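Hello,

Here is the structure I promised to pass on. Please open it first, then read my notes below.

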Amino acid sequence: MAVAAIADVAAVAEVAAIDHPVGYAVALVVHIVAAVVGFGSLALSGVYGGWGRHLESRHDLEDMRRYFAKPNWAARSIWLVPFAGGAAVWLRSGAGDLGQIWVIAATGCWVIGIWMAVTFIWPAEGGIRPIVNQVLPPTGEPVGLDELDRLCRRMGRAAAVCDVIFTVALMLMIFRPA
């Protein structure tokens, strides 16, 4: 409890020394929310991808159908992450800090994460959508499970990479190595 109070005092003192504290706070909140919502949604897609490989009932397919019924718009918030983060760094300490190693490394993490989403996760989600809508015929056995397994495996692996990337970027932003 005391550590949290000291951290709060340090955070308030840091914000008080910033030229544009409201702009910084807004940019930081947008950055954090976009990262948590975006990468969290990618992680959830990975969970569904893992689950989709081990469907045991028609009810499981119905759950998959509900999750993949629409595009994962929440995950698209990761496009905001570098812009809001760059604005927060710039408002906090000026443009010179944009060249720090931790900022460059975190931006590299974002590039890898967005590449994984655009190249693997979002196309897999798009491929899963029609399969889960067709795979559950009114009677008989489900069809198309081999393709569903392939797409779920691909999405699960890419989402796992994004989880690691998110964790690395989070550590870079917390500890800010020079």
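Asp63 and Arg66 sit three residues apart in helix α3, so about one helical turn separates them. Their side chains meet in a salt bridge, at 2.1 Å from N to O. Keep in mind that this is a predicted model. Asp63 counts as buried, at 16% relative accessibility. Arg66 is exposed, with a relative accessible area of 54%.

Helix α6 holds a similar pair to look at. Glu147 and Arg150 are three residues apart there, again separated by about one helical turn. Their side chains form a salt bridge too, at 2.7 Å from N to O. Glu147 is partly exposed at 33% relative accessibility. Arg150 is partly exposed as well, at 41%.

Salt bridges with shared partners also join Arg53, Asp149 and Arg153 into one network. Take Asp149 and Arg53: their closest N and O atoms are 3.3 Å apart. Asp149 lies in helix α6, and Arg53 lies in the loop between α2 and α3, so this pair ties together parts that are 96 residues apart in sequence. Asp149 is partly exposed, at 22% relative accessibility. Arg53 is partly exposed at 30%. The count of salt bridges comes to five.

Now the nonpolar side. In soluble globular proteins, nonpolar side chains tend to be buried together. Here, the largest nonpolar core has 29 residues. Those touching the most other members are Leu42, Ile78, Ile121, Trp122, Ile128 and Leu148. At least two residues of this core come from each of α2, α3, α5 and α6. The most come from α5, with 11 residues. Try clicking on Leu42. Leaving out residues up to four places away in sequence, Leu42 touches Ala75, Ile78, Ala117, Ile121, Trp122, Ala159 and Cys162.

Last, the pocket. The largest one has a volume of about 660 Å³. It is lined by 29 residues, and those closest to its centre are Leu28, His31, Gly85, Trp102 and Met173. Which elements give two or more residues to this lining? They are α2 (21-52), α4 (81-93), α5 (101-134) and α6 (145-175). Of these, α4 gives the most, with eight residues. By class, the lining has 21 nonpolar, five polar and three charged residues.

Best wishes

Key:
Residues numbered from 1 in each chain as written. Predicted model: local features only at pLDDT ≥ 70, side-chain atom pairs only at ≥ 80, totals over all residues. Heavy atoms only, no water. 1 Å grid on protein atoms, 1.4 Å probe; cavity = no way out; pocket = protein on both sides within 12 Å on 5 of 7 lines; lining within 4 Å. Points joined across faces, edges and corners; volume = space filled by probe spheres on them. Helix = DSSP H or I, 4+ residues; strand = E, 2+ residues; numbered from the N terminus. Nonpolar A, V, L, I, M, F, W, Y, C, P; charged D, E, K, R; others polar. Core = buried A, V, L, I, M, F, W, Y, C linked by side-chain atoms within 4.5 Å. Buried < 20%, exposed > 50% of the residue type's maximum accessible area, 1.4 Å probe, protein only. Contact = heavy atoms within 4.5 Å. Salt bridge = Lys/Arg side-chain N within 4 Å of Asp/Glu carboxyl O.
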